[in-house]
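Student: I'm new to this protein and I'd like a slow, close look at one part of it. Could you pick up the loop I ask about and then show me how other places compare?

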Amino acid sequence: MDIDNLCDEAETFRRCFSPVTSAQRHAVITRLRSGLLARPHRGIYARTEYWNGLNASEQARHVIRSLAYRQPSRIFAGLSAAAILQLEYSWRLHDDDTVFIASSTGGNSRCHANIRRIFMRHMPVVRVAHSPCPGGLVISVAPEHALSAATPDPGTEIVRITSPARTLVDCGLRYPFAQAMPMFNSALRKGLVTLDEVMETCDGLQANHGPVLRLLHYANPLCENGGESWCYATILDLGFAVPQLQHVFVDPDAPWKRYRVDFVWHTQDGRIIVLEYDGTGKYVDPKMTGRRGVQSVVHDEREREDALRRAKVTTIIRTTFDEVAQRSPLMHKLLDADVPMTGMHPFYERRTDIRGREY
């Protein structure tokens, strides 16, 4: 099989390829030097144009699928398992190109520059099957015991990863609260895991799982995307009261019109404060604007704000990706609006654990 055919087959399964014969290896070296091929990881390759067209998360999935294809017994963990499950998180977590694998020996260490082991005595494993079809890649997740050891279909490839619960625990212990929250919220929203399953996984570990318990305490699948989850977690990190998510307001002048907001606080003194997280795509991405111009989108936003004020909203705050990333601009906006803080207003602090029990 020549290099073009190897590339075609790999792209069909959304992975990279590895040369097998001596002739293929020589051809790869020639194309690599000319810039036609990229080398994302040791021993695996992809067409440069194709590779550069993938976002960081999809690039990580390509590498993981390629390594799984070469060594089917390998079990991927941590951020690598989160990528295969297509959980939401910041693509910046892939900046160091590390691939995480589960290991029952050797402790937490690096195999080499780009592979890190996560030690675990017990490995709860699921098998993620993916196969190409006319509409794209079809992906299914099932416990390993539910599938035979062999590939179920010649047109299907398998990636073995840690269970969603164990994946969340490993990521919750490794990454900051605001970075891990999108993973937890998206896993819950997709129905991949329950809070009890994550708790049971924590109970089986001999480690301080306090960061995971905090994530479970505040996790909320009502966050619609990773950006909102990140903003929500940052609000909590800054010490502000837990907001209500996805609250719907009805325009009193047009009761058939309903407006859902990202975050809202109903204060003890009767104020209603709304915070909207605006991604840049809201104004320029055709999928989000319905191919309308920026001026039309801005006009709709003004109309929306007028309706919210008629519905007794007293303060409307808008924040952006950059403000959340820098934190200080978001904090000053929330302080200026007198959003309650948990330390100053104990009434707003949640007093129940993830099972609804008071503490």
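What follows is one request about a loop and one long answer to it.

Student: Where is Leu87 placed, and which residues is Leu87 in contact with once its neighbours within four places in sequence are left aside? Please take your time, and go on to other spots afterwards.

Tutor: Happy to. Keep in mind that this is a predicted model. To get your bearings, the protein has 359 residues, and 47% of them count as buried. Its secondary structure comes to 15 helices and 13 strands. If you take the contacts with a separation of 6 or more, 58% of them are between residues 24 or more positions apart.

Now to your loop. Leu87 sits in the loop between H5 and E4. Leu87 is buried, because its relative accessible area is 6%, and the cut-off for buried is under 20%. Leaving aside its neighbours within four places in sequence, Leu87 touches Ala82, Leu168, Met183, Ser186, Ala187, Lys190 and Leu192. Try finding Leu188 as well: Leu87 and Leu188 are 101 residues apart along the chain, yet their C-alpha atoms are separated by 9.9 Å.

Stay in that loop and look at Leu93, which is placed between helix H5 (78-84) and E4. Leu93 also counts as buried, at 16% relative accessibility. Beyond its neighbours within four places in sequence, its contacts are Leu79, Tyr175, Gln179 and Met183. You'll recognise Met183, since Leu87 is in contact with Met183 and so is Leu93. With Tyr175, Leu93 has a partner 82 residues apart along the chain, and the two C-alpha atoms are separated by 8.9 Å.

The loop between H5 and E4 holds Gln86 too. Gln86 is partly exposed, with a relative accessible area of 34%. Its backbone is worth a pause: phi of Gln86 is near 60 degrees, a positive value in a residue other than glycine. Most residues other than glycine have a negative phi. You can find another positive value at Asp338, where phi is near 60 degrees. Asp338 belongs to the segment after helix H15 (328-336), and at 46% relative accessibility Asp338 counts as partly exposed.

From the loop, step along to strand E4 (residues 99-103), where you'll find Ser103. Ser103 counts as buried, at 7% relative accessibility. Apart from neighbours within four places in sequence, Ser103 is in contact with Arg117, Ile118, Phe119, Met120 and Met123.

Another serine brings you back to the loop's surroundings. Ser57 is in helix H4 (residues 56-70), and Ser57 is buried, with a relative accessible area of 5%. Its side chain makes a polar contact with the side chain of Arg61, at 3.0 Å. Leaving aside neighbours within four places in sequence, Ser57 is in contact with Tyr89, Trp91 and His94.

Next, try a pair of helices. Two packed helices are described by the angle between their axes and the distance between the axes. Helix H8 (residues 195-203) and helix H9 (residues 210-218) pack at an angle of about 170 degrees, and their axes are 11 Å apart. That makes H8 roughly antiparallel to H9. On the H8 side, the contact is made by Leu195, Val198, Met199 and Cys202, while H9 brings Val212, Leu213 and Leu216. Sorted by type, the residues of this contact come to seven nonpolar, no polar and no charged.

Cys202 leads to the cysteines. Cys202 is buried, with a relative accessible area of 0%, and Cys16 is buried too, with a relative accessible area of 2%. A disulfide is a covalent bond between the sulfur atoms of two cysteines. A search of the whole structure finds zero disulfides. Why is there no bond at Cys16? The closest cysteine sulfur to that of Cys16 is in Cys7, and the separation of 9.4 Å is too far for a bond.

One last stop is Leu308, in helix H13 (residues 294-310). Leu308 counts as buried, at 1% relative accessibility. With neighbours within four places in sequence left aside, Leu308 is in contact with Phe249, Tyr259, Val261, Val313 and Ile316. Val250 is 58 residues apart from Leu308 along the chain, and their C-alpha atoms are separated by 7.9 Å.

How values were computed:
Residues are numbered from 1 along each chain as its sequence is written. This is a predicted model: local features need pLDDT of at least 70, side-chain atom pairs count only at pLDDT 80 or more; totals for chains, interfaces and linings use all residues. Side-chain values use heavy atoms; hydrogens and water are left out. A disulfide is a pair of cysteine sulfur atoms within 2.5 Å. Buried means under 20% relative accessible area, exposed over 50%, partly exposed in between (1.4 Å probe, protein chains only). Helices (H or I, at least four residues) and strands (E, at least two) are DSSP runs, numbered from the N terminus. A polar contact is a pair of N or O atoms within 3.5 Å; within protein, one must be able to donate a hydrogen and the other to accept it, and residues adjacent in sequence count only if both atoms are side-chain atoms. Contact means heavy atoms within 4.5 Å. Axes are lines fitted to C-alpha atoms, for helices over the stretch in contact, and angles run from 0 to 180 degrees between N-to-C directions. Angles under 35 degrees count as roughly parallel, over 145 as roughly antiparallel, 65 to 115 as roughly perpendicular and the rest as oblique. Ala, Val, Leu, Ile, Met, Phe, Trp, Tyr, Cys and Pro count as nonpolar, Asp, Glu, Lys and Arg as charged, and the others, Gly among them, as polar.
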